[in-house]
Protein chains: 2
Amino acid sequence: MEKDLVIGIDVGGQTTKCGIVDARGTVLTRTVIRTDDTTDAKEFIAHLAEALKRIIDEAEAEGRIRGIGVGAPNGNYYTGHIEFAPNLKWTMDGSKVIPFAQLLTEAMDGIPVSLTNDANAAAVGEMTYGAARGMKNFIMITLGTGVGSGIVINGEVVYGHDGFAGELGHTCAVRYNGRSCGCGKSGCLEAYASAIGVARTAREWLEMTDEPSLLRSLEEISSKDVYEAAKEGDALAQRVFAFTGKILGEKFADFIEFSAPEAIVLFGGLAHAKEFLTEPIQQAMDANVLPLWRGKVKLVYSQLKESDAAILGASALAWEL
Amino acid sequence: MEKDLVIGIDVGGQTTKCGIVDARGTVLTRTVIRTDDTTDAKEFIAHLAEALKRIIDEAEAEGRIRGIGVGAPNGNYYTGHIEFAPNLKWTMDGSKVIPFAQLLTEAMDGIPVSLTNDANAAAVGEMTYGAARGMKNFIMITLGTGVGSGIVINGEVVYGHDGFAGELGHTCAVRYNGRSCGCGKSGCLEAYASAIGVARTAREWLEMTDEPSLLRSLEEISSKDVYEAAKEGDALAQRVFAFTGKILGEKFADFIEFSAPEAIVLFGGLAHAKEFLTEPIQQAMDANVLPLWRGKVKLVYSQLKESDAAILGASALAWEL
């Protein structure tokens, strides 16, 4: 039987999303299981294999699965391990290094498994099905709770010497007096240009001034609140995005000087605020890049349907198996 | 006859160095011609071809030249053009875009020519004959009058979408109140960590304080003077290198987060000051990189004989032809 389908798996801290995908990028059937209801990696793999076998049955896809692609935090492409992921509670024989790909292949009767981190998976997804189709050189930036990145050079994801390349969220955006970041460093891009960073900027600015703002009435402020306020014309909220865009654009200039990509592709919750982000990003990019790239590097937004994007990204890895 | 030799050409603003190189990296014979005695690109190519034919005769290498590699400022690997190089005065038919590789192949009776910028050539040279032998992922940083870079990922130089990737000297080292750089931007790494930058730091610090220093007796200060003073124990001169090393290390941390290299390889005049640079670079690198890379990325120095390095780097390109 022709092996014309793949499975994509997106491992998150709370839930793990799975889907069977065809060559055109249609998700035929999907399921979600809890990630956090066990701390035993082997038990989780058993639950996962059970769920996958169920959707394979549903899709009448027995014998047609070419491979399984997994996007997971701290996923290492070279080893197939998930290593010391802060948001995943699993251990195996007391260790936080989980040979995920190998365990899953064994549980799935030998179907090959390819694994990488979520942002790299998103880059492969965008190249296979989305905004980066036909591009050989681009940088994917995921603007979510954190800032992730997947770098594609000559049509291939950059994994580096050890498999962990592409941590652009932890390059330095603000050298002196930079905000402390969850990674332990300070001044990281992620501390400013993530959902958490945007909310923090808004809170800091509200404390520093008496400027009226719709955000003052809220008890807690999320990046979504800032976006809603900006849409209603709130000047402070709009300036928060202008500031965020400027910081992103400044760092994008550095990234362009590194790998000279055709485009930078933005994805994730914050990327919804494109009407407030695009211009400041573009301006700061052009002001900080060498003249030869001014106005030449495209800034594009993901074209994948949000609910399917994570599954599609992971599934795209499996076509390369 | 076996084509067992290559030619390496290093095009500089004043002189162009050429050599015939064997597979072990021995420069068998060499010559130097003026770069700046004509503004006519075709006339220069004619001079160059004449010089090359002379050394081919000398080395009895007729029929044995497999290819020619050229390292040149603003050299584009994809097109073989030298485009708008500020330090080269040539034009061709009124244009500053010179189809150098094609012209040279024609003048050399069809010998294939590969061309890239000087820092990329240095990276290939180091990978073929030098400190990066056996490495598939490393970043070459050339610390000369300016700061150049050649990035190798998966054993291949990164050229990017347009052929100009790897301008790490123009990534931003100092965001606010940064020094103006020759490129028109401000705060570039090159404005601090080049020979010119080091001399400038020394001059600024001498003006700002009354601290005694051997450098005060000099009319003009070069980076070499600062190095000599540091070797004689001059505290200010040593602090200039500590500052330079810190700025380099901070940016190296960003580069590591991009491509996760096995090593960063330093080359060029300033790299001689390694006894004053290594420790501050290493400290700043480790302080600014994610924990997973701390202490893991090697900092190594070029192993190519300085007088041959430029020719060897360029020649190494030709083996790939």
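Start in chain A: select β8(A) and β9(A), which a hairpin joins through three residues. Strands here, like helices, are DSSP runs numbered from the N terminus (E, at least two residues, for strands; H or I, at least four, for helices). Before going on, note that this is a predicted model, where local features need pLDDT of at least 70, side-chain atom pairs count only at pLDDT 80 or more, and totals for chains, interfaces and linings use all residues. Residues are numbered from 1 along each chain as its sequence is written, while chains are lettered from A and ligands numbered from 1 in the order in which they are written.

**Stop 1: around β8(A)**

Keep β8 (residues 138-143) of chain A selected and add β9 (residues 147-153) of chain A: the two pair in the antiparallel sense over six bridges. Two strands count as paired if DSSP finds at least two bridges between them. Click on A:L143 and you'll find its bridge partner, A:V147, in β9(A). Now bring in β11 (residues 263-267) of chain A, which pairs with β8(A) in the parallel sense over five bridges. There, A:T142 stands opposite A:F267.

Is β8(A) open or enclosed? Six of its six residues are buried, so the strand is largely enclosed by the rest of the structure. Buried means that 20 or more other C-beta atoms, placed from the backbone, lie within 10 Å of the residue's own. Both faces are covered, with A:F138, A:M140 and A:T142 on one side and A:I139, A:I141 and A:L143 on the other.

**Stop 2: where the chains meet**

Show both chains. The contact takes 30 residues from chain A and 30 residues from chain B; residues are in contact if their C-beta atoms, placed from the backbone, lie within 7 Å. On the chain A side, β9 and α7 (235-259) are the elements that give two or more residues. The largest share, five residues, comes from α7(A). By class, this side has 14 nonpolar, eight polar and eight charged residues. Nonpolar covers Ala, Val, Leu, Ile, Met, Phe, Trp, Tyr, Cys and Pro, charged covers Asp, Glu, Lys and Arg, and the others, Gly among them, count as polar.

**Stop 3: a sheet in chain B**

Hide chain A and colour β3-β2-β1-β4-β7 of chain B: in that order, these five strands form an open sheet with mixed pairing. The edge strands, β3 (27-34) and β7 (113-116), each pair on one side only. Zoom in on β2 (residues 15-22) of chain B, which runs antiparallel to β3(B) and is joined to that strand by seven bridges. B:C18 has B:T31 in β3(B) as its bridge partner. Next, select α1 (residues 41-58) of chain B: this helix packs on the sheet, touching β1 (5-11), β2, β3 and β4 (65-71), and its direction makes about 155 degrees with that of β3(B). Angles run from 0 to 180 degrees between N-to-C directions, with axes fitted to C-alpha atoms, for helices over the stretch in contact. Helix α3(B) also packs on the sheet, touching β1, β4 and β7, at about 130 degrees to β4(B).

Stay on α3 (residues 118-129) of chain B. Twelve of its twelve residues are buried, so α3(B) is largely enclosed by the rest of the structure; among them are B:D118, B:N120, B:E126 and B:Y129.

**Stop 4: a helix pair**

Finish with α7 (residues 235-259) and α8 (residues 274-288) of chain B, which pack at about 35 degrees with their axes 7 Å apart. The contact of α7(B) with α8(B) has eleven nonpolar, seven polar and two charged residues.

How values were computed: The expected span of a helix is 1.5 Å times one less than its number of residues. Two residues are in contact if their C-beta atoms, placed from the backbone, lie within 7 Å.
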